[in-house]
Amino acid sequence: MAAAFLAGGGAIRTARAESPPPGGRKRLLRIAHLSDIHVQPELHAAEGMAACLRHAREHHRPDLVVNTGDAIFDSIGTEEARVRKLWELSKKIWKDECSVPVEHAIGNHDIWGINKKKSKTTGTEPLYGKKWIMSLHGWERPYRSFDRAGWHFIALDTVSHEETSYRGHIDDEQFEWLGQDLDKVDPKTPVLVFGHIPILSAAAFFKRPSEKDGDWNVPAAVMSIDARRLKSLFFKHPNVRLCLSGHLHLVDRVDYLGVSYLCGGAVSGNWWKGDNQEFPPGYGIIDLYTDGTFENKYVSYGWKAQAS
């Protein structure tokens, strides 16, 4: 697995070591990090999703699954009847194949009707936009926080959408909530943040041919436009340890100012058509420890593209 390491902060604050400190440490929680499942009736995607969940259960026995979005394919430009079938398919596979708690974040493909022409939406439908996925999970708002096994978890809504497009963005209301939430956390409690579009990513440079004009150019649809203010907020809270994301279907790790940003690849690989660039379909296994450290690896579950 390729990984990228970017250091920042010098002696002020450096990346936290993942090796056990003197005296050892105890694992508190094992997470299976799934992202970009893009389940659909075509391309044997449902079989692939089920195979991934079985592989995680049988080989790694996670205590918790974190899904960083794009559960279905597709809700952006799809009519209501098919979107309903997609969510029913997703729900059935989760129920049949996963017996541990699952925490979800919203992906851009989980938002209904951004492309109003193709989806035949007006924007006034009761389930338009993020309301559909929020209703499925019983959320009052698309972001939240919770505690588990001595760690504090924050699920961010990192996708801002407009009439026909989306970008990685956290609005001011959510950003204010995030700061208040972090202020309430005991400084000794490690924090894990997760969302769909990466806050900071090296793989973002390879998502599209962004160097074609002679300069690197990373669009806000690929990496959050809020990266600067988010890294500054996290710097004020040294207990923020991990930020998990998906979206890129690529795997990387960026260590910056003491926070590890992990982009977790894709269960669907190249949208159920094989490997995406150098990365096979897979998922992450992340172990969280008592001292706030972690271990992470990307796991291929052996799925091969199937004929439609």
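The following exercises, each with a worked solution, concern the predicted model shown above.

Residues are numbered from 1 along each chain as its sequence is written. Because the model is predicted, local features need pLDDT of at least 70 and side-chain atom pairs count only at pLDDT 80 or more, whereas totals for chains, interfaces and linings use all residues; side-chain values use heavy atoms, with hydrogens and water left out.

**Exercise 1. The open sheet**

Determine the strand order of the open sheet of six strands, and identify its edge strands.

*Solution.* Step 1: strands (E, at least two residues) and helices (H or I, at least four) are DSSP runs, numbered from the N terminus. Two strands pair if DSSP finds at least two bridges between them.

Step 2: the order is β4-β5-β8-β9-β11-β10, with mixed pairing. The edge strands are β4 (144–148) and β10, each of which pairs on one side only. From one strand to the next, the twist averages 20 degrees.

Step 3: the mixed pairing can be seen in two strand pairs. Strands β5 (residues 151–155) and β8 (residues 191–194) run parallel and are joined by four bridges, with Ala-155 opposite Phe-194 in β8. Strand β11 (residues 259–264) runs antiparallel to β10 and is joined to it by six bridges, with Arg-253 opposite Leu-262 in β11.

Step 4: β10 and β11 form a hairpin with two residues between them, and Leu-257 in the turn has a positive phi of about 55 degrees.

**Exercise 2. Enclosure of β10**

Decide whether strand β10 is largely enclosed or not, and give the reason.

*Solution.* Step 1: buried means under 20% relative accessible area, exposed over 50%, and partly exposed in between (1.4 Å probe, protein chains only).

Step 2: five of the six residues of β10 (residues 251–256) are buried, so this strand is largely enclosed by the rest of the structure.

Step 3: contact means heavy atoms within 4.5 Å. Helix α6 (residues 227–235) lies across β8, β9, β10 and β11, and runs at about 135 degrees to β11. Helix α5 (residues 172–184) lies across β4, β5, β8 and β9 (240–245), at about 175 degrees to β5.

**Exercise 3. The packing of α1 and α2**

Classify the relative orientation of helices α1 and α2.

*Solution.* Step 1: axes are lines fitted to C-alpha atoms, for helices over the stretch in contact, and angles run from 0 to 180 degrees between N-to-C directions. The two helices pack at an angle of about 25 degrees, with axes 10 Å apart.

Step 2: angles under 35 degrees count as roughly parallel, over 145 as roughly antiparallel, 65 to 115 as roughly perpendicular and the rest as oblique. Helices α1 and α2 are therefore roughly parallel to each other.

Step 3: the contact residues include Met-49 and Leu-53 of α1 and Ile-93 and Trp-94 of α2.

**Exercise 4. The nonpolar cores**

Identify which residues touch the most other members of the largest nonpolar core.

*Solution.* Step 1: such a core is a set of buried Ala, Val, Leu, Ile, Met, Phe, Trp, Tyr and Cys residues joined through side-chain atoms within 4.5 Å.

Step 2: among its 39 residues, those touching the most other members are Leu-34, Ile-37, Trp-94, Trp-272, Tyr-283 and Tyr-301. Helix α1 (45–59) is one of the elements that each supply at least two residues, and its share of seven residues is the largest.

Step 3: a second, separate core of 22 residues includes Leu-156, Leu-182, Val-259 and Tyr-261.
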